[in-house]
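Good morning, colleagues. I would like to take you through one structure today, with attention to charges, surface patches and buried positions. Please look at the sequence and the coordinates first.

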Amino acid sequence: MSDKSRDSFVRVRVRDLERLTTEVMQLREFLPNVVHGLVETLHKSHTTEKKKECAGHEQLSLECLHLGSRLDTAQSECQKEREEKIVLREQLWECREQLQQQAEFCTGLGAATCTLLWSTSGREDAVKDILADGKLQAFLSVAAQTLVSFVKTMDGGEKEKPQEPDSHENQFVLALAGVITNIASVACGRDYLSSFGHVLLDTLMELLQLMKPGAFPKLKVLMLMALYNVSICMKGLKYISESPCLLPIIWALLEDADAEVCVHSLRILQSLVLEEEVASAAGPALLGPPRVACLERLARSPQPALRHTAQETLDDVRALLRKNAGEGSMNPRPSKSGL
């Protein structure tokens with residue numbers, strides 16, 4: 001046998017050949033199944049991923065649809081609320097207009113009613129009837145609250161539009177103050193105020209302290225007249241003279257540009273001076289040289305009424321000073337103020 005022939009053949013044992021043949025057959029039998037299983041697994045994996053991706057897209061689509069639905073609902077509700085807001089705003093303006101009309105009507109009615117009461121209370125019998133009715137305390141409480149509200153709103157440093165002198169509000173407040181003044185001008189009325197009207201008297205003094213120089217001179221005059229009428233009663237004079245703000249108010253009002261305000265401030269000052277016990281308790285705040293100099297200046301005023309009243313007050317002060325020195329007597333108390 002040649003070398004070429006030997007290279008073409010290999011000697012294998014029958015047993016090994018049979019085993020190899022068996023393995024090859026097994027591979028032929030199982031390899032397609034393995035490959036097919038692997039391909040099927042890959043296919044399932046790919047299908048699963050696609051399903052997951054589709055499910056994700058579907059979930060996102062559902063969420064988008066849900067959010068879109070919520071957006072449409074929110075926009076619809078917003079539009080509905082906007083329309084309701086427009087309706088409510090129109091109703092609010094209507095209510096404000098109606099309220100303004102009612103307020104103007106009530107103010108006009110109050111002004112007319114209080115003006116009539118002011119005129120009626122100028123008679124002594126009418127004041128006695130008011131006291132007998134038993135409703136005066138409630139009236140004084142309402143009057144005090146109204147005066148406080150008016151003064152603090154219009155003279156409290158806020159930039160408010162100027163008030164018309166003949167407005168219903170002004171007439172209403174002036175009429176209230178006028179009724180109080182007329183009540184205090186009657187003996188039984190000032191006795192009542194001296195005993196049960198302390199809150200009102202304190203309110204009048206507080207408001208006179210708050211009101212700016214030159215503001216509401218008519219109202220100031222009425223309040224000063226009410227305090228002066230109360231001062232005619234010894235109990236009333238004692239009460240208002242014990243207020244620490246009374247004398248500062250008077251001296252401040254004596255610098256007011258309105259002559260009538262100064263005149264009625266001087267009349268209260270006269271009441272204090274003519275009551276020796278009260279004047280002595282006031283001391284330099286009432287009788288000091290700067291106060292005398294102020295009265296001397298006012299006694300030279302070109303306004304006849306102011307000049308006359310200032311001269312009378314100055315004479316009373318000098319008489320008191322002389323009396324304190326044992327040289328003279330006092331003038332009689334002035335008469336009441338009424339309207």
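Let me begin with a question: is Arg-297 buried, partly exposed or exposed? With a relative accessible area of 38%, Arg-297 is partly exposed. Please bear in mind throughout that the model is a predicted one.

Arg-297 is a useful entry point to the charged pairs. Its side chain meets that of Glu-255 in a salt bridge, with an N to O distance of 2.9 Å. Glu-255 sits in the loop between α10 and α11, whereas Arg-297 belongs to helix α14, so this pair ties together parts that are 42 residues apart in sequence. As a general remark, side chains of opposite charge can pair when their charged atoms come close.

How many salt bridges does a search of the whole structure find? The search finds six. Beyond the pair just described, I shall mention two of them. Lys-44 and Glu-40 are joined by a salt bridge at 3.7 Å, N to O. Both residues lie in helix α2 and are four residues apart, which is about one turn of the helix. Glu-40 has a relative accessible area of 36% and is therefore partly exposed. The other example is Lys-238 with Glu-242, where the N to O distance is 2.7 Å. Here Lys-238 is partly exposed, at 42% relative accessible area, while Glu-242 counts as exposed, at 51%. The cut-off for exposed is over 50%, so the value of 51% places Glu-242 in that class.

I turn now to surface patches. Helix α2 spans residues 14–120, and Glu-84 is placed in it. Glu-84 is one of the residues in a surface patch of negative charge, together with Glu-77, Glu-81 and Glu-83. Its relative accessible area is 41%, so Glu-84 is partly exposed.

A second patch is nonpolar. Which residues form this nonpolar patch on the surface? They are Val-10, Val-12, Leu-17, Leu-20 and Val-24, and together they have about 460 Å² of accessible area. Leu-17, one of these residues, is located in helix α2. At 46% relative accessibility, Leu-17 counts as partly exposed.

Next, the covered parts of the model. Helix α10 runs over residues 246–253 and is mostly covered, with six of its eight residues buried. Those buried residues are Leu-246, Leu-247, Ile-249, Ile-250, Trp-251 and Leu-253. Let me take Leu-253 as the example. It is in helix α10, and at 5% relative accessibility Leu-253 counts as buried, because the limit for buried is under 20%. The C-alpha atom of Leu-253 is separated by 9.9 Å from that of Met-211, although the two residues are 42 residues apart along the chain.

A similar description can be given for Thr-309. This residue is found in helix α15, which covers residues 304–324. Thr-309 has a relative accessible area of 10% and is buried. Between the C-alpha atoms of Thr-309 and His-264 the separation is 8.8 Å, while 45 residues along the chain lie between their positions in numbering.

What of the cysteines? A search of the whole structure finds zero disulfides. Cys-294 is in no disulfide, and the nearest cysteine sulfur, that of Cys-262, is 8.6 Å away. Since a disulfide requires the two sulfur atoms to be within 2.5 Å, this distance of 8.6 Å does not qualify. Cys-294 counts as buried, at 10% relative accessibility. Cys-114 is likewise counted as buried, with a value of 8%.

Finally, a point of backbone geometry. Most residues other than glycine have a negative phi. What is the sign of phi at Phe-216? The value is positive, near 50 degrees, in a residue other than glycine. Phe-216 is placed in the loop between α7, residues 198–210, and α8, residues 217–232.

To close, I return to the starting residue: Arg-297, partly exposed at 38%, shares its salt bridge with Glu-255. Thank you for your attention.

Methods. Residues numbered from 1 in each chain as written. Predicted model: local features only at pLDDT ≥ 70, side-chain atom pairs only at ≥ 80, totals over all residues. Heavy atoms only, no water. Patch = residues over 30% accessible without salt bridge, like charges linked within 9 Å, V, L, I, M, F, W, Y side chains within 5 Å. Areas by Shrake-Rupley, 256 points an atom, 1.4 Å probe, with all protein chains shown as cover. Salt bridge = Lys/Arg side-chain N within 4 Å of Asp/Glu carboxyl O. Lys, Arg positive; Asp, Glu negative; His and termini not counted. Charge placed at Lys NZ, Arg CZ, Asp CG, Glu CD. Helix = DSSP H or I, 4+ residues; strand = E, 2+ residues; numbered from the N terminus. Buried < 20%, exposed > 50% of the residue type's maximum accessible area, 1.4 Å probe, protein only.
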